[in-house]
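Here are my notes on this one, in the order I'd go through them with the model open. Have a look and see whether you read it the way I do.

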Amino acid sequence: MCRKPSDKEMNKEAPDIDSDGRLNVISAGAIGEPVRYALYAEKEGVVAMGRLVVNPIKGDDKGCHLQAIRAMGSAEIVLMEGTGFTPKTTITLFSVTTGKPQAAKLKTDENGRLETVAVLMKQGETQGTAEITMKSESCAPSVRFKWGKDTYQVQ
């Protein structure tokens with residue numbers, strides 16, 4: 001919407017939006033690149049802020065979801081977002097870059113969500129392929145993507 005929703009619209013799951021309230025966003029980005037936006041009205045100021053990942057790096061398994069979001073242009077550092085897990089449960093984050101495995105135990109929040117950062121770049125390495133999995137007792141979504149030099153390509 002390009003205006004603040006009315007009270008009636010705020011309390012409906014799928015409000016009927018008139019043609020004056022619609023805004024089409026056209027965006028491009030590299031795989032896993034976040035596009036941040038803010039809608040601004042002269043009188044009200046900022047009325048909405050958000051993030052859109054046009055070409056997501058995502059994996060799903062049995063209702064659990066994992067998404068990798070570029071924190072740097074060449075994806076040497078990525079934000080890992082996991083959702084759909086059992087609340088307050090232990091997750092094992094497995095990552096492999098250039099053949100070197102790592103594992104860490106992390107805990108989901110009260111909503112079954114987990115956010116963490118993965119540093120893929122190691123000393124002496126400038127590129128590679130990352131394989132990352134968030135594994136719980138009930139699911140194990142994973143992603144695989146290239147990082148490093150020449151991987152930032154707008155699509």
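1. Start with the inventory: the protein chain carries 1 helix and 10 strands. Following the sequence, the pattern reads α-β-β-β-β-β-β-β-β-β-β, with the helix ahead of the strands. Keep in mind that this is a predicted model.

2. Some overall numbers for the chain. It has 155 residues, and 33% of them count as buried. The exposed surface comes to about 10100 Å², with carbon and sulfur atoms supplying 49% of that. As for contacts between residues at least 6 apart in sequence, 47% join residues at least 24 apart.

3. Now the hairpin. Strand E1 (residues 34–41) pairs with strand E2 (residues 45–53) in the antiparallel sense, and 8 bridges hold the count for that pairing. There are 3 residues between the two strands of this hairpin. If you want a place to look, go to Ala41, which stands opposite Gly45 in E2.

4. Then there is the open sheet. Its 4 strands come in the order E3-E4-E5-E8, with antiparallel pairing. Which strands stand at the edges? They are E3 (57–61) and E8 (114–119); each has a single partner strand, so one side of each is left without a neighbour in the sheet. From one strand to the next, the twist averages 20 degrees.

5. Within that sheet, take a look at how E5 meets E8. Strand E5 (residues 77–83) runs antiparallel to E8, and 6 bridges join the two. One bridge to check by eye is Leu79, whose partner in E8 is Val117.

6. The residue I'd zoom in on is Thr108, in the loop between strand E7 (100–107) and E8. Is Thr108 buried or exposed? Its relative accessible area is 4%, under the 20% cut-off, so Thr108 counts as buried despite its place in a loop.

7. What does the side chain of Thr108 have for polar company? A polar atom of that side chain lies 2.8 Å from the backbone oxygen of Thr86. The backbone nitrogen of Thr89 is 2.9 Å from a polar atom of the Thr108 side chain.

8. The wider surroundings of Thr108 fit into the same view. Leaving aside neighbours within four places in sequence, Thr108 is in contact with Phe85, Thr86, Pro87, Lys88, Thr89 and Ile91, and also with Arg113 and Leu114. Both partners from the previous point, Thr86 and Thr89, are among these contacts.

How values were computed. Residues numbered from 1 in each chain as written. Predicted model: local features only at pLDDT ≥ 70, side-chain atom pairs only at ≥ 80, totals over all residues. Heavy atoms only, no water. Pairing = 2+ DSSP bridges. Axes fitted to C-alpha atoms, helices over the stretch in contact; angles between N-to-C directions. Buried < 20%, exposed > 50% of the residue type's maximum accessible area, 1.4 Å probe, protein only. Polar contact = N/O pair within 3.5 Å; in protein donor to acceptor, adjacent residues only side chain to side chain. Contact = heavy atoms within 4.5 Å. Areas by Shrake-Rupley, 256 points an atom, 1.4 Å probe, with all protein chains shown as cover.
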